[in-house]
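I opened this notebook to record what I looked up in one structure. The entries follow the order in which I worked.

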Amino acid sequence: MPHSSGGGSHGGGFHGGSGGSGGGPSHRVGNTYFPGARRYVYYDRRRHIPRYYYTNYDVSTVNPVKTMITTLAITIPLLLLMVFAFVTADEPPSPIYDNCRYNSEIYDYADVIDNEREVLSAVNEFTAVSGIKVAIVTVNNETWYSDGWFSGSKSSQLEDYAYNLYVDMFGGDEYHWLIVYSEPTNPDSNFNDWHWEGMQGDDTDSVLTEAKADIFNKTFNDYLLKKDVGDAFADAFGYFSNVIMTVTEEELVESYLIYGLITAIIIGVILFEVVLNKNWKLSKASEFRANDKKIKCEYCSGEYVSGTVMKCPYCGAPVSLETEE
Ligand SMILES: [Zn+2]
């Protein structure tokens with residue numbers, strides 16, 4: 001189904017499109033006690049001291065190989081994705097081709113475009129380079145705006161109107177880009193309360209990307225503030241025809257942000273699995289039971305816990321009988 005390519009208004013500037021996410025933890029590990037935790041001992045062989053971890057699960061089930069495989073399973077596809085993104089980053093898009101012929105059309109119901117030929121030629125030029133079929137419709141605010149408290153904002157009402165108009169005009173054909181411009185039947189000469197909304201078919205997404213649509217939205221909205229409606233349409237499409245099939249700085253920046261994000265995720269996953277996630281150390285840890293005691297080794301003075309080891313974990317001396325506490 002078609003979706004908004006963005007819109008704007010005299011008072012509120014312009015706006016762009018939308019997105020979503022979710023997740024949750026299960027195993028918990030901490031350095032301090034928490035309800036339901038078991039205590040584990042792990043020996044720091046460099047500093048000759050025991051370290052304690054509290055977990056809510058049995059660490060004897062921890063498998064470092066599994067952790068490593070999980071890490072690789074997450075990072076390898078991300079690395080491949082990044083390589084693919086690098087290779088395709090500065091490739092300009094290819095135009096959209098659809099077998100049904102169509103000439104761009106203007107339906108100036110509000111009678112606000114006085115240079116239709118000029119607008120049509122700018123729009124046709126855009127269609128020729130991009131393959132996106134454009135329809136421009138002008139209406140009056142009274143056509144779609146209802147003032148009830150339940151009716152929603154003007155921008156959401158216009159978006160609904162544009163959506164329904166798209167479906168009425170093109171049905172399931174997703175190759176079109178409909179732009180609805182609206183102003184009051186009798187605009188206030190001090191503040192013409194104009195609004196506009198773009199509605200793009202799903203099959204235009206590969207060319208009319210969010211970054212590209214933003215460029216059009218900003219340009220068109222700026223022109224509407226300075227020029228009459230017809231000139232704003234003609235000049236915005238004139239400019240946009242030169243931009244639509246190029247790789248813009250914004251898109252490059254966007255792809256660098258994506259690389260940065262993927263890199264950060266990869267580093268994060270590795271850090272979490274290998275460094276922060278104590279699974280690696282826990283796989284070597286033993287449970288600290290109620291009657292276990294802290295012991296100081298007579299030979300190396302290292303500290304350890306009785307019952308968790310057969311001999312001193314640092315120097316290998318037999319377990320001392322003398323307890324520290
Ligand atoms: Zn020792």
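**Entry 1: Elements.** I began with the secondary structure and counted eight helices and twelve strands in the chain. I noted at the outset that the model is predicted.

**Entry 2: Confidence.** I then looked up how confident the predictor is. The mean pLDDT of the chain is 84, and 90% of the residues reach 70 or more. I marked residues 18–25 separately, since their pLDDT is below 50. Apart from near neighbours in sequence, this stretch has zero contacts in the model.

**Entry 3: Overall dimensions.** Next I asked what radius of gyration the chain has beside that of a compact globule of 325 residues. The chain has 32 Å, whereas such a globule would have a value near 20 Å. Along the principal axes, the C-alpha atoms fill a box of roughly 100 × 50 × 35 Å. I also recorded that 27% of the 325 residues count as buried. Turning to contacts between residues at least 6 apart in sequence, I found that 66% join residues at least 24 apart.

**Entry 4: The largest core.** I looked up the largest nonpolar core, which has 41 residues. Leu178, Val180 and Phe233 have the most contacts inside this core. Several elements supply at least two residues each, among them helix 2 (116–130), strand 7 (133–140), helix 4 (154–170) and strand 8 (176–183). Strand 9 (195–200), helix 5 (210–226) and helix 6 (229–243) also each supply at least two. Which helix gives the most to this core? I found that helix 6 does, with seven residues.

**Entry 5: Valine 180.** I followed valine 180 further, leaving aside its neighbours within four places in sequence. Its contacts include Val137, Val139, Leu158, Tyr161 and Ala162. Leu165, Trp196 and Glu197 are also in contact with valine 180.

**Entry 6: A second core.** I found a second, separate core of 15 residues. Tyr43, Val59, Ile295 and Tyr304 are included in this second core.

**Entry 7: Strand 4 and its partners.** Finally, I examined strand 4 (residues 38–44). With strand 5 (residues 49–55), strand 4 pairs in the antiparallel sense over seven bridges. Tyrosine 40 stands opposite tyrosine 53 of strand 5. The two strands, 4 and 5, form a hairpin with four residues between them. In the turn, histidine 48 has a positive phi of about 55 degrees. Strand 4 also pairs with strand 10 (residues 286–287), in the antiparallel sense and over two bridges. There, the bridge partner of valine 41 is serine 286.

Notes. Residues numbered from 1 in each chain as written. Predicted model: local features only at pLDDT ≥ 70, side-chain atom pairs only at ≥ 80, totals over all residues. pLDDT = per-residue confidence, 0-100. Contact = placed C-beta atoms within 7 Å. Core = buried A, V, L, I, M, F, W, Y, C linked by C-beta atoms within 7 Å. Buried ≥ 20, exposed ≤ 12 C-beta atoms within 10 Å, placed from the backbone. Rg over C-alpha atoms; globule rule 2.2 N^0.38 Å. Pairing = 2+ DSSP bridges.
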